[in-house]
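Before reading on, take a moment to look over the sequence and the model. The paragraphs that follow begin with a single chain and then turn to its partners.

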Amino acid sequence: MALTVLICDDSMLARNQLKKSLPVDFDADIVTAGNGLEALAILRTQDIGLVFLDLTMPELDGVGVLEAVKAEAMDCLVIVVSADIQPEMQKRVMELGALAFVRKPASAEKLAEVMHKYGLI
Amino acid sequence: MTPLQFTEEQRDCLQELVNVAMGLASDKLARYLDTLVHLQVPAIELVDTLQLPQHVNQRYGEQSTTLVSLGFFGDQGLRGEAIMLYQLENVGVIAQLLGYSDDDSSEAEMLTDISSVLTTTSLNGLAEQLENSFSYAAPRILSSRDQHFSRKLTETASQWQLALMVDIRYQLTDYSFNCDMMMLIPGEAVLRLRQMLDKILAGF
Amino acid sequence: MQLSGVFEPLLAQLNSGVVVLDSQYRVVFFNQFIARRANVILTAVQGQSLFDVFDDLPKAWLQRKLDSVRELQVPSFSNWEQRQYIFKLPHLRPLSTGSDYMAQNCSIMPLTAPGGNASYLCILIEDATDAFFYQQQLQSSMLQLELANRTDGLTGIYNRRYWQQQLQQELLRATRYQHPLSLLLFDLDKFKQLNDTYGHQGGDAVLTAVAQSISALLRDTDIFGRYGGEEFGVILPETTLSGALMVANRICSTIAEKTINYNQQDIALTLSIGVSSFEQQSADEMIQQADIALYNAKRQGRNCVRTYVAEGYLQKVK
């Protein structure tokens, strides 16, 4: 069964960029969300295995999503992909249970490296 | 659509590039200042230059505001002017934050210095995203401690076809304030910028 | 075409200063512009700290600038209007410019050699002495113009227009803070006769001498102006009617005891003074009241002081 992956970013460019940068042999269904609220709605109704999560978004930001995922004990892995790369922010999202932090724009190499490390590919 | 207007895709693309650029800049600044300065990824808005004075007036109203201008030039005809807008009560705080409390710098000197650090760091990040690089003209204070700045904007607005308003927010653990960076880009450079954005978009 | 050979002579002839530092701010290079003006030889100081080679730099300030350029890899600027110079260098117009050092616009830029990891900093120094010089000239012209605009050509005290403007200002101030304010108007007695006897030049000399001696009697805050031909006015801020009377009497007696030497002749003269004090009336009314008091002083024998209120003219005017 293929994994369902959620890409959550308010920028279409960023979503496309990420989709393109995923490893070619990565067999997954991809759904997308434009903000944190949309992401939570999808996470609550669909079986999502992996989330690529932006931090700065309207409605509900990435930190808010991570908090909800943690509070509702949702069974999904979260990789944060963000332009906000300050150490303080990285520390905060890791404390909230994110698997990894990838700097934007995410390169194919970096994504492959992280996904390999956690056995996703 | 006139050639100067942006499609939704182009706007989205530019916003994302500026986000990434600001992210780079904030990281650099935080490391440089070695403080818990947090520069949030900013809100970005494209404003028709004819509406710019009105837009700025609405935002700043009667508060006294200082404008510092810094010209930038890149390859392939990309150029413009970055304007930082400060509310004066914030100036002292920004200065203290950047370590200006200890010497004989005048307020004007602090302002131009701070502006040049903030704008060039952000713009370098943007240039990098566009596979370009910028050179800069020395910063100038356009108006200070007076109320003429919206008139000044009205006078200069006709030279520019696009204004990109970037709302930058600095945050410390117990204090936060805003200042705006405005990028004014002349018509021909807007066309160049759109071409560059299209090229990036075509890659996805 | 190989250009590298021409960069050295180009840098040497460049009419701007170029200083290259390594990341520890040690001097790597400076061009002839700097070498000649600072009178240093590159090979003698190469590798030394910038702050040792040029020991009168604004160290804390420049250090912070250099740090920001090195850490952030962005340029930094300084202009002569904010900081006249960074390097104490002589300029090439020592005769015509009232400044000892070259006014400078400086840019500090990050330099990275292609492919290399070594990063350098470049300080570019442009001579802005001309701009500085013209700015100074402009400022002094503006100042002169402003002074000329408010000065009476003959006596050097304030002219009527400026004096009246000041009266308005003082009136507003007195109203706002509820402080006293008084006014003197005086006139040289029998000035027409004096003019006929000694000529207009004699008259002018007397006016100038009178203005000088009265100026010496006044406080810095008092505002002394020439109101008309031989008529003068003094605005006395923070002064009650009784205080104004003391000043007026002192002026009156000082002038009466004095003789003015003109063409080997001693000219004796007197003056009459009218005093009015601020009671919420307008500036024009204050002048008018002082004028009436002055008229009364003339009518009552000259060489004396009369006040408007004390003489009970208030009722007459109304």
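A residue is called buried here when its relative accessible area is under 20%. By that rule, buried residues make up 57% of the 204 residues in chain B, and it should be kept in mind throughout that the model is a predicted one.

Chain B is a good place to begin, and its secondary structure consists of six helices and seven strands. Followed along the sequence, these elements come in the order α-β-α-β-β-α-α-β-β-α-β-β-α, a pattern that has a helix at its beginning and a helix at its end. When the contacts in chain B between residues at least 6 apart in sequence are considered, 74% of them join residues at least 24 apart. The surface that chain B exposes comes to about 8,700 Å², and carbon and sulfur atoms supply 47% of that area.

From chain B the reader can turn to chain A. The contact between these two chains takes 22 residues from chain B and 20 residues from chain A. The size of an interface is often given as the accessible area lost when the parts come together. For chain B and chain A this buried area is about 1,700 Å², and carbon and sulfur atoms give 62% of it. One salt bridge is counted between the two chains, and its partners are B:Glu16 and A:Lys104, whose closest N and O atoms lie 2.5 Å apart. Across the interface there are also five residue pairs in polar contact, counted where both residues have a pLDDT of 80 or more. On the side of chain B that touches chain A, the elements giving two or more residues are helix H1 (8-33), strand S1 (38-48) and helix H6 (187-202) of chain B. Of these, H1(B) gives the most, with 12 residues. Sorted by kind, the residues of this side of chain B divide into 11 nonpolar, six polar and five charged.

Chain B also meets chain C, where 25 residues of chain B are in contact with 16 residues of chain C. Between them, chain C and chain B bury about 1,700 Å², with 48% of that area on carbon and sulfur atoms. Within chain C, the residues that lose the most area to chain B are C:Arg64, C:Leu72 and C:Phe77, which together account for 40% of what that side buries. Three salt bridges are counted between chain C and chain B; in one between C:Glu81 and B:Arg140, the side chains meet with an N to O distance of 3.1 Å. The polar contacts between these chains number six residue pairs, again with both residues at pLDDT 80 or more. On the side of chain C that touches chain B, helix H5 (59-72) and strand S3 (76-78) of chain C each supply at least two residues, and the largest share, seven residues, comes from H5(C). The residues of this side of chain C divide into five nonpolar, five polar and six charged.

Chain C can finally be viewed as a whole. It contains 11 helices and 12 strands, and of its 318 residues, 44% count as buried. Among the contacts in chain C between residues at least 6 apart in sequence, 59% join residues at least 24 apart. The accessible surface of chain C comes to about 16,900 Å², and 49% of this surface belongs to carbon and sulfur atoms.

Notes: Residues are numbered from 1 along each chain as its sequence is written. Chains are lettered from A and ligands numbered from 1 in the order in which they are written. This is a predicted model: local features need pLDDT of at least 70, side-chain atom pairs count only at pLDDT 80 or more; totals for chains, interfaces and linings use all residues. Side-chain values use heavy atoms; hydrogens and water are left out. Helices (H or I, at least four residues) and strands (E, at least two) are DSSP runs, numbered from the N terminus. Buried means under 20% relative accessible area, exposed over 50%, partly exposed in between (1.4 Å probe, protein chains only). Contact means heavy atoms within 4.5 Å. Accessible areas come from the Shrake-Rupley method with a 1.4 Å probe; for residues, only the protein chains shown count as cover. Buried area is the accessible area (1.4 Å probe) that two parts lose on being put together, summed over both. A salt bridge is a side-chain nitrogen of Lys or Arg within 4 Å of a carboxyl oxygen of Asp or Glu. A polar contact is a pair of N or O atoms within 3.5 Å; within protein, one must be able to donate a hydrogen and the other to accept it, and residues adjacent in sequence count only if both atoms are side-chain atoms. Ala, Val, Leu, Ile, Met, Phe, Trp, Tyr, Cys and Pro count as nonpolar, Asp, Glu, Lys and Arg as charged, and the others, Gly among them, as polar.
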